[in-house]
Structures are given as structure tokens and as C-alpha cells.
Amino acid sequence: MTKQETYHTLLPQIESLVAGETDAIANMANVAAALHEAFGFWWTGFYIVRSEGVEELRSEGVGELVLGPFQGPIACTRIPYGKGVCGTAWQRAQTVIVPNVHDFPGHIACSSASNSEIVVPIMRAGQVMAVLDIDSTDFNTFDETDQLYLEKIAEMLK
Ligand code: SME
């Protein structure tokens, strides 16, 4: 199966999984598991913006990313605004694709086995509420196809 075919099979499954559940953590947990199993990524999971009661300032970088539901090896628990690939995706409120993490200034190496990465922000009311982070042990794993489908999945998690 091509990557596109896998996403095509997966998308309706994820849609029906999340449609019947309103709890964001439960949905993130199932999405991480579904993606991880379908593609065999190295690490698949979420970091959630925690801003300690100052929600209206969240988009200005108040707070930090805290580890959420994931599949794979243990990972860093907190990432500041603008730091690493995850903090950069939060700051830009845009997907970041990194073909070679060793070339990304400020990349946070939770695992030395990771060589490429994609981070997709999950938006709610115009602000980043979490990011979906996927790591691969191969270089150049992620492209516009991943971006397209992962952004569709991010839309379902609002
Ligand atoms: N590499 C990420 C940190 C998270 S781990 O990869 C799970 C980053 O630079 O933000």
C-alpha cells in the first residue's frame, strides 16, 4: 500500500472513532495508536498547550507544551514556546516538516534514533491547543501527503 492508500483507509476509521467521543485526551490517545500502528513510526503523539489559567494569552506563547497521549519510547515532558520543532509549530501555528532533524536549529532530541519529524498544530478558536508530533528513524519520511492528511486528522480533533 502507498502512503496515500494507507491514509485513505485510516481517515474514515479515525473519523468514526473521534465522532462518538467528546473527550480530547481519549481521542488523541486513539489517534496516536491508529497512526502509529498503521505506519510503524518511531514515535507518534501529542503535546498539549498548558497555560495555567491564562487561556486568552495562549497564542502569545504563555505556558508550555506538556506531553500528552503517545505511542513509542518515553519522551521529554515539557517544551517551551518557540523551542524545538514542536515549539516552533506552536509559535508559527503551522505544520513543520523536518527532513533531517540534525539540521534543525534547536531540535530537541528526545531520542537519538529519530532522524526526521513532522509537527502539525491542532487549532481551537484560532489558537493552538496541542500539536501532533511524529518521529521517524528514516530521513525524509514526511512530505506534503502526510501534511495534507495529518491536517485533516487535526481538524477532527478540535
Ligand atoms: N523532537 C521534538 C521533541 C519531541 S520528541 O521528538 C517526542 C522537538 O524538537 O520539538
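Three elements each put at least two residues into the shell around the ligand: β1 (43-50), α3 (84-92) and β6 (127-136). Of these, α3 gives the largest share, with three residues. Keep in mind that this is a predicted model.

The shell holds 13 residues, and the closest to the ligand are V85, C86, I108, E117 and D135. In terms of character, the shell splits into eight nonpolar, three charged and two polar residues.

What about specific polar contacts? Here are three of them, with the ligand atom and its protein partner side by side.

| Residue | Protein atom | Ligand atom | Distance |
|---|---|---|---|
| C86 | polar backbone atom | oxygen | 2.8 Å |
| E117 | N or O atom in the side chain | nitrogen | 3.0 Å |
| D133 | polar side-chain atom | oxygen | 3.5 Å |

So C86 uses its backbone to reach a ligand oxygen atom, at 2.8 Å, and a polar contact is a pair of N or O atoms within 3.5 Å. E117, on the other hand, works through its side chain and pairs with a nitrogen atom of the ligand. D133 also uses a polar side-chain atom, with an oxygen atom of the ligand 3.5 Å away. On its own, the ligand has 310 Å² of accessible area, and the protein covers 99% of that.

Where does the ligand sit in terms of cavities? The space it takes up is the largest cavity.

Now for the loops. Most residues other than glycine have a negative phi. Two residues here go the other way: A93 is not a glycine, yet its phi is positive at about 55°, and N140, also not a glycine, has a positive phi of about 55°. A93 is found in the loop between α3 and β4 (96-98), while N140 belongs to the loop that links β6 to α4 (144-156).

Is A93 buried or exposed? Its relative accessibility is 35%, so A93 counts as partly exposed. N140 has a relative accessibility of 58%, which means that N140 counts as exposed, the cut-off being over 50%.

One more loop deserves a look, the one between β2 (64-71) and β3 (78-80), which holds P73. P73 is partly exposed because its relative accessibility is 28%. Which residue is 38 positions away from P73 in sequence but 8.1 Å away in space? That would be S111, with the distance taken from C-alpha to C-alpha.

Note on methods
Residues numbered from 1 in each chain as written. Predicted model: local features only at pLDDT ≥ 70, side-chain atom pairs only at ≥ 80, totals over all residues. Heavy atoms only, no water. Near = heavy atom within 4 Å. Polar contact = N/O pair within 3.5 Å; in protein donor to acceptor, adjacent residues only side chain to side chain. Areas by Shrake-Rupley, 256 points an atom, 1.4 Å probe, with all protein chains shown as cover. 1 Å grid on protein atoms, 1.4 Å probe; cavity = no way out; pocket = protein on both sides within 12 Å on 5 of 7 lines; lining within 4 Å. Sits in = over half its atoms within 2 Å of the grid points. Helix = DSSP H or I, 4+ residues; strand = E, 2+ residues; numbered from the N terminus. Nonpolar A, V, L, I, M, F, W, Y, C, P; charged D, E, K, R; others polar. Buried < 20%, exposed > 50% of the residue type's maximum accessible area, 1.4 Å probe, protein only.
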